[in-house]
Every structure is written in structure tokens, then in C-alpha cells.
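User: I'd like to learn how to read a model like this one, feature by feature. Could you walk me through it?

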Amino acid sequence: MLGLSARGYVIQGDARWPDGTVTFELQLGAPVSPLIDGSTSWDAVAQQALDIWNAQIGRLRLAGNAGSTASLAQRNSRNNVFFADDAFGREFGDRTLAITFSSWSGTRRVEADIVFNRASNWNSYRGALRFSGGRAVADLRRVALHEFGHALGLDHPDDSGQSVAAIMNAVTSNLDTLATDDIAGVQAMYGARAAVSGGARLTNLSVRSRAGSGSQTLIAGFVIAHGEKQLLMRGIGPTLAEYQVSGALPDPRLTLYRAEGGGSTQIATNDNWGGGSSLAAAFAAVGAFALPANSTDAALRSTFGASPYSLHLTEAQGRSGIGLIEIYAAGPASEAGQLVNLSARTQVGSGHDILIAGFVVGGSGTARLLIRGVGPTLADLGVPGLLADPELRVYRASDVIASNNDWGTDAGPLTAAASTAGAFALRSGSRDAALLVEVPPGNYSVHVSGVGGTTGVALVELYLLP
Ligand SMILES: [Zn+2]
């Protein structure tokens, strides 16, 4: 979930698979030599793509029948997945990597056959797209993820001129796994997989940064998964003066958008919170500091469904200053919905102007979190003025409990965690920062700064892992 684009997934028509298991006949065979990621079976690579979807889907399980010898035909009630020189007699064309043929009956999806273009230069690898002899090396896993997405009923978000990070975009990119938007799309059709982590939950998220209007808008993204959740959100400016913050936003305004199929919808906005006793009681109930009744700080409270959201903090008269966004879980602990992701993108300065995101883990047990400070990889998304070398520090109270400067390369648990969480892939060997922590309930903060006091635009992201 980024504030980069408040748009979203596209669903093809009404046809869905009925609840239960859908089996794909994996008939891709073995490569002549081991693939870049070490795989020795194309079917095993396709199975990984099925498992990545399975990690997100509630009412449906995608099974793979590796080494299948099912007859290759449309409308034979078998979901064939295979390489061929043409797509059931139709020319692929030079640039087509694969085609999914879906059939349905009324609102029931009944068959999906996926044909991969044998003439493409196939392999399997993670991270940025690779090229060989001026030609892209097609990564079977990411293309299979895309085609299985079509088989499930998703279409291309970029076909209608949208720009959103998604494996479902028509053009393959450095994104090598599901993005938040893909997950939101599939969960809109089939529900979310139930949370499997213990009782630990994210109960509060906050970010403090310089904010203004237009390109200076401070945008926090968050994702609610598994059901509905009541949230209290605040956009604080003037009351920060009571906490020795100078140059605060004079009149903050909050606007909340929900990502929806094909676009985003403004669902709530507030300029001045108004001093109401019910909101004041809600602040106290979640442990938030009180606001003067006549302050120009902003607040919103409501129950929201499972979806990605973005919360924009601007200034009512276009001025700029330091602003604080806070998001609190405000409903009972028994609520099905969970906050699973927070992100904020902003200009990172030095000294007091570094990017600081706070979070609270509530409940019991421990929370496994993937935390990232992204600068260089934002270039893939066309963001200018990047922070070239971000550094991450995670604090519990005033103790540093984890830190990272450069995240590393593809192999290893960070890449697997990003894949599970639906986070976009970092460029292998880039100067982006990322780390994994497993923490008990408590108050934490994440500091993102530039190595050597450098400044620029960066994204901080926090994912609750299952
Ligand atoms: Zn496609």
C-alpha cells in the first residue's frame, strides 16, 4: 500500500469460481538446465505462484497437479497449464508471453487454460527484470502469477491508463510478486485468508513529518484485512505546540480514500474536529492525548471494511508545517478486521526532520513484522528526488532493537517475507533498507534517515506477517 496512486484493481465480469478447490493441470515439464533460482521443474515454479495466491485467498484453494498428462483442449473441464508454439491454433505474436482462456457459465467460472509462449526466453528468478542479448528474460513465476490472476478473474489495472503497482498490469515489470492492489482485488472476490498469527495485533500507527498541500501532502497508507474494523484517525497540527514542536501545520485537514476496482473513492474528510464529547471520549479510550475543544486539529472515526486506504493530511489554506497522522484501532478486540500494513511517503530531512513512524503492538504473543525504508527502488515507480541511501532504526522506548542500512540481495528471508506480505520487490543489492523483527506487545518507533545526513523522498513500510 503506497500513497503513490490511489487507484486500483479491475475485476472481469461477475463470474467467480465456486468455493472450494480448483486444480490446475501443470504440464510445463523440465527445463534443460537448472534455472537462475535453482529450480529444476517448471511445474514447481508454477506451484510457487499458486501458493503465493493461496496465502491470500479465503474461500478458494488453488491446487497444482504437477506432471499432469491431461489432454490439452479448451472446454474439456481441465485447467491446462502448458508451453506451446501457438495458443490453441492462434498466433501468439512477438510480445505475448502467455494467454489465459477462461470459460464461465452464468456467474460460475468453470475452466481456465493457460498457454505459455514457447518462443519466449523463459527462466525463473526474483527481482528486477533481466535482459539477455537485448531481449527480456521472461520470469515464469511472475508471469504465472499474472496468468493465475486472470484465471481467478482479475484484469489489467493499467489498461485504463492507471498507474498502480500490480502484478496484474499488462506489462511485466520489476515487480515479482503480488502487490497490495492484487491482494485487495482477489480478496474482493474470494475473501481473505484468516489471520494465523497469534493474538498480537497492530493497534496504533502514526507518522510525523513535514506536510503541506499538492506534492507536499503527507500520505499514509494502511490496509485492513480479514473483516471490518473501527478506526479513529487524527491529523494533528496546532496541538503539537504543547509538545515542544515548532512550525506545526496551522490548520490540518484529513481526507480518507478507499482503493476500489478501477479507482479510488473519497469516503471521509474532516477539517476541524469540533470538540464533540463523543470524539473526546474516544480519544481517551484509545489512550490518545486530549485536544482542546476549539483546536483546528482534525479527526475522523468510523468502521471500515477490508481494503487498502490512503489518508491524506493537507493544510486548509495551503500552508505547510510539521503534521502528525495517527490511526488507532478503536473497536473491541473481538473485531475480525486487522490493521496489517502501514506506509507513509514523504520528504526525509535531517536532524529533527527525519521520518519517524510509531506503532503499537497490542494483544498477546508476538508480532512478526517486515519493516522497510525504501528510497532507490522508488525510481521504478517514477518518483523523483529520492533518498539515495536510507537507513532504518527500530526503537522500543529509547532502545534500538534492530537496524539496517542496505537490505541485501534476493536470496533469503526478506524476499520471502515481502512476497508473503504482498510487498513489491526491492532491487537486488540496492541501498534500500529492510529488516524483520518479532516483538512482544509494546510501543515502538521506526526512524528513517539518510546515511550521512542526506535528504530526499522515502517510503516507510510496516507489514504484519502471518
Ligand atoms: Zn494479462
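User: Let's start with a pair of strands. In which sense do S5 and S6 pair, and over how many bridges?

Analyst: Keep in mind that this is a predicted model. To read a strand pair, look at the direction and then count the bridges. Here S5 and S6 pair in the antiparallel sense, over 8 bridges. One of the links is between Ser 105 and its bridge partner in S6, Arg 108.

User: And what about the turn of that hairpin, which residue there takes a positive phi?

Analyst: That's Gly 106, with phi near 65 degrees. The hairpin of S5 and S6 has 2 residues between the strands.

User: Which residues other than glycine have a positive phi here?

Analyst: Ser 77 is one of them, with phi of about 60 degrees. You'll find Ser 77 in the loop between S3 and S4. Gln 244 is another example, with a positive phi near 60 degrees; that residue sits in the loop between strand S13 (229-236) and strand S14 (252-260).

User: Are those two buried or exposed?

Analyst: The cut-off for exposed is over 50% relative accessible area. Ser 77 has 63%, so it counts as exposed. Gln 244 is at 72%, so it is exposed too.

User: Back to the strands. In what order do they make up the sheet?

Analyst: Reading a sheet means following who sits beside whom, rather than the numbering. Here 5 strands form an open sheet in the order S3-S2-S4-S6-S5, and the pairing is mixed. Strand S3 (60-66) and strand S5 (98-105) stand at the edges; each has a single partner strand, so one side of each has no neighbour in the sheet. On average, neighbouring strands are turned by 20 degrees against each other, direction ignored.

User: Which pair shows the parallel sense?

Analyst: Take strand S4 (residues 79-84) and strand S6 (residues 108-117): they pair in the parallel sense over 4 bridges. If you want a spot to click on, Val 81 stands opposite Ile 114 in S6. Set that beside S5 and S6, which pair in the antiparallel sense, and the mixed pairing of the sheet is easy to follow.

User: Which helices lie across this sheet?

Analyst: For a helix on a sheet, note which strands it covers and the angle to one of them. Helix H1 (residues 42-54) lies across strand S2 (20-26), S3 and S4, and runs at about 175 degrees to S3. Helix H2 (residues 140-152) lies across S2, S3, S4, S5 and S6, running at about 155 degrees to S6.

User: How do H1 and H2 cross each other?

Analyst: Look at axis distance, angle and handedness. The axes of H1 and H2 come within 9 Å and cross at roughly 55 degrees, so the two helices are oblique to each other. H1 passes H2 in a right-handed crossing. Residues making the contact include Trp 42, Val 45 and Trp 53 of H1, and Leu 140, Phe 148 and Leu 152 of H2.

User: Last one, the metal. Which residues coordinate the zinc ion?

Analyst: For a metal site, list the donor atoms, then their spacing in sequence. His 146, His 150 and His 156 coordinate the zinc ion, each through NE2, at 2.0 to 2.1 Å. The donor residues are spaced H-x3-H-x5-H.

User: Why do His 150 and His 156 count as buried?

Analyst: Buried means under 20% relative accessible area. His 150 is at 9%, so it counts as buried, and His 156 is at 18%, so it does too.

Conventions
Residues numbered from 1 in each chain as written. Predicted model: local features only at pLDDT ≥ 70, side-chain atom pairs only at ≥ 80, totals over all residues. Heavy atoms only, no water. Donors = N, O, S within 2.8 Å, 3.2 Å for Na, K, Ca; no water. Buried < 20%, exposed > 50% of the residue type's maximum accessible area, 1.4 Å probe, protein only. Pairing = 2+ DSSP bridges. Axes fitted to C-alpha atoms, helices over the stretch in contact; angles between N-to-C directions. Contact = heavy atoms within 4.5 Å. Parallel < 35°, antiparallel > 145°, perpendicular 65-115°, else oblique. Left-handed = near helix turned anticlockwise from the far one by under 90°.
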